[in-house]
Amino acid sequence: MSSADMRRWRTATTLTDLGSLTASWLLGDIASQAGYTPNCGPDEETGPLVPILVAVNRLGFLTDDSQPGCDATGTGGEKWLQRAAVTGLVDDTVLAGRLAAAAEEAGLLVLNRGLAFDGNLDGIVVTQVDGKDYTTYGRPMTPEALRVTWPERVIGRTAFTRVTQAWQLTLVDPEWGPSGRLWEVLASVVRRYRLDAVEQKARTARAALCPEYLRRHYAFPDLARTAVAQLHGTALDDAIAAAKLSGCTDDEIELVTQAS
């Protein structure tokens with residue numbers, strides 16, 4: 001790993017920081033990922049998943065492995081079957097709850113492991129080759145195993161401590177073969193957060209333009225109103241733009257701005 005990449009990883013102190021850096025790696029802004037072969041980007045099969053993986057990593061779901069579903073024949077004639085799956089770490093209670101609830105409601109398989117786990121617990125088989133189990137997600141990861149994926153020497157002691165304290169979350173489509181169900185579940189959670197942000201920005205803007213608020217915070221409230229409106233209007237516009245990029249509709253956005 002280059003010294004420049006190492007310096008960026010060493011800036012992380014939270015799981016969300018690590019998620020943001022992972023998003024940058026997925027997008028090619030960082031050449032090396034912690035725990036991966038230096039100067040290697042995501043696998044080719046990950047390409048179509050990059051947008052949604054970037055979004056959930058930035059929310060705080062630190063993904064360390066994922067794969068699309070597939071039903072294909074390998075170059076040697078072997079039969080490959082994959083389930084769509086993602087596994088990673090999350091330490092935000094609300095985010096963990098929303099991800100697990102949305103996945104369960106959609107009929108996905110969910111493993112959410114805390115620190116108090118039995119090291120012999122099985123995970124979920126997500127890949128088979130010629131009918132034989134090949135890859136398993138969701139086996140409990142000990143601190144030693146986590147140190148391989150998220151090396152303390154790369155991300156630093158503070159960030160690694162957060163890694164060891166996080167829930168280990170695995171979401172798997174029960175069906176074998178191509179499927180968009182898992183990725184739509186993740187996208188729905190991202191949209192919910194984007195709408196929450198719009199609602200919060202709209203509520204803040206209304207409160208900031210309240211005459212009583214202006215009188216309390218500004219010597220010349222009438223003069224301040226225009227600048228305050230512009231500041232909060234820009235923040236709200238940015239939140240709305242992010243919501244639309246995530247697939248939120250105009251009706252959904254209007255509903256939360258009115259509710260605020």
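This section describes the fold, the strand pairing, the salt bridges and the surface charge of a predicted model.

The protein chain of the predicted model comprises 11 helices and eight strands. Its C-alpha atoms occupy a box of roughly 75 × 40 × 35 Å, taken along the principal axes. Of the 260 residues in the protein chain, 43% count as buried.

Strand E6, formed by residues 124-129, takes part in two of the pairings described here. With strand E7 (residues 132-137), E6 pairs in the antiparallel sense, and five bridges connect the two strands. Within this pairing, Val125 stands opposite Thr136 of E7, and Thr127 has Thr135 of E7 as its bridge partner. Strand E6 is also joined to strand E3 (residues 79-82), again in an antiparallel arrangement, by three bridges. In that pairing, Trp80 has Val129 of E6 as its bridge partner. Strand E6 is mostly covered, since six of its six residues are buried.

The hairpin of E6 and E7 has two residues between the strands. Asp130 is placed in the loop between E6 and E7, where its phi is positive, near 55°. This value is found at Asp130 although the residue is not a glycine. With a relative accessible area of 49%, Asp130 is classed as partly exposed, because the class of exposed residues begins over 50%. The residues of E6, by contrast, are buried in six of six cases.

A positive phi is also found at Asn39, with a value of about 60°, although Asn39 is not a glycine either. Asn39 belongs to the loop between helix H2 (15-27) and helix H3 (50-59). Its relative accessibility is 54%, so Asn39 counts as exposed. Both residues with a positive phi described here therefore lie in loops, Asn39 between two helices and Asp130 between two strands, while their accessibility classes are set by the cut-off of 50%.

The count of salt bridges in the model comes to 11. Among them is the contact between the side chains of Arg98 and Asp196, with a distance of 2.9 Å from N to O. This pair links distant parts of the chain: Arg98 is in helix H4 (residues 93-105) and Asp196 is in helix H8 (residues 181-208), 98 residues apart. Arg98 is partly exposed, at a relative accessible area of 28%, and Asp196 is likewise partly exposed, at 25% relative accessibility. Arg98 and Asp196 also belong, together with Arg192, to a network of salt bridges.

A further salt bridge brings together the side chains of Arg191 and Glu184, with 2.5 Å from N to O. The two partners fall into separate accessibility classes: Arg191 is buried, having a relative accessible area of 19%, whereas Glu184 counts as partly exposed at 40%. Arg191 is placed in the buried class because its value is under 20%.

Another salt bridge is formed by the side chains of Lys79 and Asp71, which meet at 2.4 Å from N to O. Lys79 counts as partly exposed at 37% relative accessibility, and Asp71 counts as partly exposed at 44%. Residue 79 also falls within the range of strand E3, which covers residues 79-82 and is joined to E6 by three bridges.

Charge is also gathered on the surface. Asp43, Glu44, Glu45 and Asp65 form a negative surface patch. One of these residues, Asp65, is found in strand E1, which covers residues 62-67. Asp65 has a relative accessible area of 33% and is therefore partly exposed. This value allows Asp65 to be part of a patch, because patches are made of residues with over 30% relative accessible area and no salt bridge.

Notes:
Residues numbered from 1 in each chain as written. Predicted model: local features only at pLDDT ≥ 70, side-chain atom pairs only at ≥ 80, totals over all residues. Heavy atoms only, no water. Patch = residues over 30% accessible without salt bridge, like charges linked within 9 Å, V, L, I, M, F, W, Y side chains within 5 Å. Areas by Shrake-Rupley, 256 points an atom, 1.4 Å probe, with all protein chains shown as cover. Salt bridge = Lys/Arg side-chain N within 4 Å of Asp/Glu carboxyl O. Lys, Arg positive; Asp, Glu negative; His and termini not counted. Charge placed at Lys NZ, Arg CZ, Asp CG, Glu CD. Helix = DSSP H or I, 4+ residues; strand = E, 2+ residues; numbered from the N terminus. Buried < 20%, exposed > 50% of the residue type's maximum accessible area, 1.4 Å probe, protein only. Pairing = 2+ DSSP bridges.
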